[in-house]
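Colleague: I should be grateful for a close look at one part of this chain, together with an account of its surroundings. Please set it out formally, for a first-year student.

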Number of protein chains: 2
Amino acid sequence: MQNNPNISFFQGGFEGEWTVKSMMTITGEALEEVSKIAIGNSMQNENTIKWTLSGVSSHLRYTTRNEKNALDQTPSILGKTESTCAAFIPLKKSDEWWLLTQDERRKIFENQSKHIQFSIPYLNTISRKLHHSRDLGEPFDFLTWFEFSPVNQQLFDDLVGYLRTTEEWNYVVRDIDIRLIRNK
Amino acid sequence: MQNNPNISFFQGGFEGEWTVKSMMTITGEALEEVSKIAIGNSMQNENTIKWTLSGVSSHLRYTTRNEKNALDQTPSILGKTESTCAAFIPLKKSDEWWLLTQDERRKIFENQSKHIQFSIPYLNTISRKLHHSRDLGEPFDFLTWFEFSPVNQQLFDDLVGYLRTTEEWNYVVRDIDIRLIRNK
């Protein structure tokens, strides 16, 4: 197995660019509490690290051309100076979800849950990056990362709050909500 | 990164359960010639091994419920006594393919190329297993494995011959066709 250049490692411990403000277990088993998270393209083996989660950015799984054209109006840019707040939300879906066919998953994801349609208005102010972990044999299926400025905290809470009420989220069996602040 | 229990390693060299009858480079860079292939769930580090390719079995990417119901009529069983012939076909698709949206890829895969519809009648006699490699950072995107009895050799050639004429195959940039016989 070679290394994927699109792999990212999220390493929780006592060192890293991001300081953990809160860690909340929404669903399923908790993740050990840490005070900092470091993100990089290679794995560090420091003894200050409590856990390492990895994922790869990959091709689109549900998005249609029309949706992509709409999404491309607000390209996601990480690392903006004003984006000092972040959320790291690792997610795992149930076996039941993964046994559904593509059309069944798409129907739940968008027709019923409006995952893309509801999110679009928020993407002017909230940058995000999705990392896929399932095929790597990781404990989570997705590692989702969001960055926003402090004034948009409520907007982000609205977005993630909405998603957690959807039909899609009935298939989420592990959901950890970690909020962070970029170190000065 | 933890180990995925669904991972398989295909190791080419001078040892293994399957003897290579022929190796043909259809498209792209060749793979070093080997006389045997060993398949397993862990990687061996013998010096008789020339190359190792790995992939994971994963959820369905394009199949609809109706198609799955049809496919389930002929469940794929590997290791049948009479299936002494195999084909191992690692494939890589272009960046252009992976930048398409889900609906665009599905349209090429099925509406235009009839990948599933054309294959269904063959699946009574040809067993297959698909391994996904792209997100592992592997040199190929897919490792496809087929088993059949010697009398069905021509049927298999018809199936793979058809697929190589489709619109979908215009996006295949590396295609190696390895035929094998199970050791007695």
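Modeller: In this predicted model, chain A carries 21 positive and 24 negative charges, and the mean positions of the two sets are 4 Å apart. The accessible surface of the chain comes to about 8,800 Å², and 51% of that area belongs to carbon and sulfur atoms.

Chain A has 5 helices and 8 strands, which follow one another along the sequence as β-β-β-β-α-β-α-α-α-β-β-α-β. Its radius of gyration is 16 Å, close to the 16 Å that the globule rule gives for 184 residues, so chain A is as compact as a globular protein of that length. The C-alpha trace spans about 45 × 40 × 30 Å along its principal axes. Among contacts with a separation of 6 or more, 78% are made by residues 24 or more positions apart.

Of the 184 residues, 50% count as buried, and helix 5 repays a close look. This helix covers residues 153-163, and its buried residues are Gln153(A), Phe156(A), Leu159(A), Val160(A) and Leu163(A). Seen down the helix axis, these buried residues fall within an arc of 125°, so they line one face of helix 5.

What covers that face? The cover over the buried residues of helix 5 includes four strands of chain A, namely strand 2 (18-27), strand 5 (85-93), strand 7 (142-148) and strand 8 (172-182). Helix 4 (115-119) is also part of this cover.

Note on methods
Residues are numbered from 1 along each chain as its sequence is written. Chains are lettered from A and ligands numbered from 1 in the order in which they are written. This is a predicted model: local features need pLDDT of at least 70, side-chain atom pairs count only at pLDDT 80 or more; totals for chains, interfaces and linings use all residues. Side-chain values use heavy atoms; hydrogens and water are left out. Helices (H or I, at least four residues) and strands (E, at least two) are DSSP runs, numbered from the N terminus. The radius of gyration is taken over C-alpha atoms; the globule rule is 2.2 Å times the number of residues to the power 0.38. Buried means under 20% relative accessible area, exposed over 50%, partly exposed in between (1.4 Å probe, protein chains only). Contact means heavy atoms within 4.5 Å. Accessible areas come from the Shrake-Rupley method with a 1.4 Å probe; for residues, only the protein chains shown count as cover. Lys and Arg count as positive and Asp and Glu as negative; His and the chain ends are not counted. The place of a charge is taken as NZ of Lys, CZ of Arg, CG of Asp or CD of Glu. The arc is that of the directions from the helix axis to the C-beta atoms.
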